[in-house]
Structures are given as C-alpha cells and as structure tokens.
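Work through the exercises below with the sequence and coordinates open. Each task is followed by a stepwise solution.

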Amino acid sequence: MSDSQAPAEVGKSVPPGGGPGPRRGFLGLVTAVMGSKLVRWGFVAVTVAIGAYAVASQWSHVRSALASLGFLPVAGALVAVLAALVAAMQVWRVLLAALGSPLPARPAARIMFIGQLGKYLPGSIWPVLAQMELGNEYRVPRHRSASASVLTMLLTVLTGLLTALVALPFVAGSTNYAWALLAAPALLVLLVPRVLNAVLNRVLRLAKRPPLEVELTGRAMAGALAWSFVSWVCYGVQIWILVLALGAPAGKGFLLALGAFAWTVGFLVVIAPAGAGVRDVLLALTLGLVIGHGAALAIALVSRVLLTIGDLVTAGLAAAFTRRPGAPPAEPGR
C-alpha cells in the first residue's frame, strides 16, 4: 500500500467534489466537539483549576513533603523516567520492525522522542502525525509508522491496566481495587497473538487506518509486551523512590507506586495535552489512600515535572546525536 493511500487526516473523508463532507450522527457530533479548541483548552483550564485548588487546600502538607524529598531521590526518579521512556521507544521499534520497517536504535529514537513532543498539544493525533513525517525521512511508509504508533498506544494501555490490576489489590488501604483482579483474566486473554491481532485490526478499522500488513507474530508480540511492562515498572520505580523518601515501607510502597502510576492512563483523555491534570489528579487520589493527600499531591507535582524533563532530554539527545538522512557528516574538529 502506498503512502498516498493513507488518509490525510484521521477521521475525515473528502467527497468526490473535493469539499469537506458533512459529519452525521452521534459520532460526528462527538468528533466536532472534540475538535473544538474552546472545548479542549476549556477542559485543560478546568483540570488545572481543580489541581490548583487541591494543592492550595493541602499546601502545608505539600510544602512539608516537598522539603522532605531532597535532591538524590528526585535525581534517581528522573533516571527511572529516562529508562521508562527508552523502554517505551523499544515497544514502538519492535512493532515497526514486525510490520516490515526495522530501524537501528538511533533513528528510531529520533522519530519516537522528537515526535512524542506533539503530545503536549491537545489531541493525541499530533505525535502520530509527527512520527509519520519523521519516519518518512528514513523511508518508513507513513501508514506503517502510524500503525506502529497506534499499536504502541493500545499495548501501553493494555499492559498499564494489567499492571495496575495485579498490583493495587494487594496494597492495604486500597481495597476498593480488589474487584480489579476479576478483570485480569480477560486482559490476559487479549495477550494471545490470535486474539490480539483480531482486536488490533478491529481498532485500526474503527480509526480508519489500514489493517495490519503482516499479523504480529508471537515473538514480536512477546518482545513488545515485555518492553511495555519494563516501561511501566520503571515508571513505578520513579514513584517508589519518591514515596520511600517520604517514609513509606519498601514492599508496600513499591506495589502502591507501580499500581498507582499504571492506573493513571491520563493520555486516554485525548483532549488534554500529555494527560495534563488528569493523570496528576488520579495519581494523587490513588497514592493518597495510603500515604496521605498532602504527600501524594507533592509526589504528583514532582512526577509531572520529571516526565516533562524526561521528554525534553530524550528529544534533545536524539536530535543531537542522530543525523537526518542525507545530512552531511560533521567535519573533524567541529
């Protein structure tokens, strides 16, 4: 399938006359609302306002927790974030190779990390579009790059929910999540290659993307899932280091940190830039069940900053140490 067959805009169709076709029905109404800048930025303003109110109401506890963290725990948490981002890049790279476009690590990092900066714009489509264009420089068909990005998102959600469902029910104080163990077998069934391929094709069809050119093999799927779980564990370690600095017990703290962060799939709220506000509120609420709301808010704030720094650092390193295709090599001494 050629690049020209990939739709110029996801979710839109152009009638033979060339003008924009009318969107009909409930789905069209939802799409129009989601596409409204007023709605998107209004949502961001509301979530930021809720977060600001929560911080203000707990400020004395938040300030005390921030003062207790110290430099070394925060630096260690940043290292864990960077490791998580590298593992997430590997998920995309494994899937892209399985679809027929294997790439060395450096070009894959350039495409993934620079493209991921698009998530700070409202709407989860921007990273996909950026990765399509960056990948095209390395002769990766746009539709294939887009498919790998969509598959990465789906597997990330799947493994994140499964991680949370396994970890949270065993943390005392979070018994509200005990029911989640019942959902774990259903998610495990989705990891079976034959089932997952069918589900992925269905989702791609709904997203108006081409079906999988080549069905994912068990080996490719195992590799992508393994890297995805590694990414979630590293994100959990980030939170674990911070809760340990505030006096949480090691074993219980790790399960809490792992489950709480994996539960906060804020990027699912596609109208919020990088899940802004949503992930932070959910993380603070989940952690607050065990460590108190003041300390939980402090950790959520620090984590948000670390995630942003991690995105900027990985994108900067990828841009600095990877040449664009066709770019002349640097002259000696420069």
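**Exercise 1: a cavity lining**

Task: list the residues that line the second largest cavity, then sort the lining by class.

Solution.
1. In this predicted model, the second largest cavity is lined by L99, H143, R144, S147, P210, P211, L212 and E213.
2. Sorted by class, four of the lining residues are nonpolar, two are polar and two are charged.
3. The space in this cavity is about 40 Å³.
4. The count of cavities of 30 Å³ or more is two.

**Exercise 2: the largest nonpolar core**

Task: find how many residues the largest nonpolar core has and which of them have the most contacts inside it.

Solution.
1. The largest nonpolar core has 60 residues.
2. Those with the most contacts inside this core are W92, L103, L151, L216, I239 and L287.
3. Two or more residues each come from α4 (71-98), α5 (105-116), α7 (142-167), α9 (193-206), α10 (218-245), α11 (250-263), α12 (278-291) and α13 (293-321).
4. Take L103 as a sample: beyond its neighbours within four places in sequence, L103 is in contact with W92, R93, L96, A108, I111, Y138 and V140.
5. As background, nonpolar side chains in soluble globular proteins tend to be buried together.

**Exercise 3: three accessibility classes to assign**

Task: decide whether S231, G259 and I125 are buried, partly exposed or exposed.

Solution.
1. The cut-offs are under 20% relative accessible area for buried and over 50% for exposed, with partly exposed in between.
2. S231 lies in helix α10. Its relative accessible area is 6%, so S231 is buried.
3. Leaving aside neighbours within four places in sequence, the contacts of S231 are A84, A87 and A88.
4. G259 is placed in helix α11. With a relative accessible area of 0%, G259 is therefore buried.
5. Not counting residues up to four places away in sequence, G259 touches A164, A167 and L168. The C-alpha atoms of G259 and A167 are 5.0 Å apart, although these residues are 92 residues apart along the chain.
6. I125 belongs to helix α6 (residues 125-136). Its relative accessibility is 29%, so I125 counts as partly exposed.
7. For I125 and A146, 21 residues apart along the chain, the C-alpha separation is 9.7 Å.

**Exercise 4: aromatic pairs**

Task: state how many aromatic pairs there are, and which residues ring pairs link into a cluster.

Solution.
1. The count of aromatic pairs is four.
2. W232, Y235 and F261 are linked into a cluster by ring pairs.

Terms used
Residues are numbered from 1 along each chain as its sequence is written. This is a predicted model: local features need pLDDT of at least 70, side-chain atom pairs count only at pLDDT 80 or more; totals for chains, interfaces and linings use all residues. Side-chain values use heavy atoms; hydrogens and water are left out. On a 1 Å grid over the protein atoms alone, a cavity is a set of points where a 1.4 Å probe fits but cannot get out, and a pocket is an open set with protein on both sides within 12 Å along at least five of seven lines; lining residues have an atom within 4 Å of a point. Grid points are joined across faces, edges and corners, and a volume is the space filled by probe spheres set on the points. Ala, Val, Leu, Ile, Met, Phe, Trp, Tyr, Cys and Pro count as nonpolar, Asp, Glu, Lys and Arg as charged, and the others, Gly among them, as polar. A nonpolar core is a set of buried Ala, Val, Leu, Ile, Met, Phe, Trp, Tyr and Cys residues joined through side-chain atoms within 4.5 Å. Buried means under 20% relative accessible area, exposed over 50%, partly exposed in between (1.4 Å probe, protein chains only). Helices (H or I, at least four residues) and strands (E, at least two) are DSSP runs, numbered from the N terminus. Contact means heavy atoms within 4.5 Å. Rings of Phe, Tyr and Trp (its six-membered ring) pair if their centres lie within 6.5 Å; planes under 30 degrees apart count as stacked, over 60 as edge-to-face and the rest as tilted.
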